[in-house]
Amino acid sequence: MFHPVQAALVGLAASVLLAWMMSRWVAAPLQRLAGAARSVAAGHYQQRVLPEGPAEVESLASDFNQMVERVRSTQQGQRDFVANVSHEMKTPLTSIQGFAQAILDGTASDSQAQQHAASVIHEESGRLTRLVDDLLDLARLDAGQVTFAHAEVDLSALVARVIDRLSLRAGEKSIQLENGVRGLPAITGDGDRLAQVLTN
């Protein structure tokens, strides 16, 4: 039979051991989670943590994994976007360089050839300008700096205006635009932004 002092010591030791085990059960997963977070901050987006420990820590680990996956997807989307934009810009730049060179070296010698070269340069520079404007708009959206107007917009009239603006360019490519949209309701929104969406 234990002496009261011995029993107290055994109870104390058991309590210390139990407290240590509980702290390890909680602290170890949190330490691994903190390490994974540091790795992600350093740019290693393949990091994942095994949900373990108390329910709250498991939930935190699952949320962390979902967050990392979203960050990784966003990073991949940005890389794809930059690659696509670089490709889109390369084509008009090549055309501008080629036709400008034709004017400089005399390949485009007569007035008709020079007019054609100048027309292509003008059109492709406009295309570049639109690409840059799109990039600026995306940057402003990402930074939360874009403000939207809230006014009544006649959608039918908006569609008609956009088609009218695009008709000239379409005609140059032997394309006929027809407005088959009728009777759209008026809405509250940003007319300029909506026109940009339709134009795109």
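In the predicted model, helices α4 and α5 cross in a right-handed sense. The two helices pack at an angle of about 50°, and their axes lie 10 Å apart. With that angle, α4 is oblique to α5, because an angle that is neither under 35 degrees, nor over 145, nor from 65 to 115 counts as oblique. On the side of α4, the residues that meet α5 are L155, L158, V159, V162, R165 and L166. Their counterparts in α5 are G191, L194, A195, L198 and T199. By class, the residues of this contact comprise eight nonpolar, two polar and one charged.

A second helix pair is formed by α2, which spans residues 55–105, and α3, which spans residues 111–143. The axes of α2 and α3 come within 9 Å and cross at roughly 155°. This angle makes α2 roughly antiparallel to α3, since angles over 145 degrees are assigned to that class. The crossing of α2 past α3 is left-handed. The contact of α2 with α3 contains 18 nonpolar residues, together with five polar and three charged ones.

These helices belong to a chain with five helices and two strands. In sequence order, the elements follow the pattern α-α-α-β-α-β-α. The chain has 200 residues, of which 18% are buried. Its exposed area amounts to about 14,500 Å², and carbon and sulfur atoms account for 59% of that area. When contacts between residues at least 6 apart in sequence are considered, 64% join residues at least 24 apart.

Individual positions illustrate how parts of the chain are placed. Residue N65 is located in helix α2. Its relative accessible area is 16%, so N65 is classed as buried, the limit for that class being under 20%. Apart from neighbours within four places in sequence, N65 is in contact with R48, V49 and P51. The loop between α1 (residues 4–41) and α2 contains G43. This glycine has a relative accessibility of 35% and therefore counts as partly exposed. The C-alpha atoms of G43 and R72 are 9.5 Å apart in space, while the two residues are separated by 29 residues in sequence.

Two further loop residues lie on either side of strand β2. Residue S174 is found in the loop between α4 (155–172) and β2 (186–189). Although S174 is not a glycine, its phi is positive, at about 60°. The relative accessibility of S174 is 71%, so this residue counts as exposed, the threshold for that class being over 50%. Residue D190 occupies the loop between β2 and α5, the latter spanning residues 191–199. The relative accessible area of D190 is 12%, and D190 is therefore buried. Leaving out neighbours within four places in sequence, the residues in contact with D190 are T147, F148, A149 and V153.

How values were computed
Residues numbered from 1 in each chain as written. Predicted model: local features only at pLDDT ≥ 70, side-chain atom pairs only at ≥ 80, totals over all residues. Heavy atoms only, no water. Helix = DSSP H or I, 4+ residues; strand = E, 2+ residues; numbered from the N terminus. Buried < 20%, exposed > 50% of the residue type's maximum accessible area, 1.4 Å probe, protein only. Contact = heavy atoms within 4.5 Å. Areas by Shrake-Rupley, 256 points an atom, 1.4 Å probe, with all protein chains shown as cover. Axes fitted to C-alpha atoms, helices over the stretch in contact; angles between N-to-C directions. Left-handed = near helix turned anticlockwise from the far one by under 90°. Nonpolar A, V, L, I, M, F, W, Y, C, P; charged D, E, K, R; others polar.
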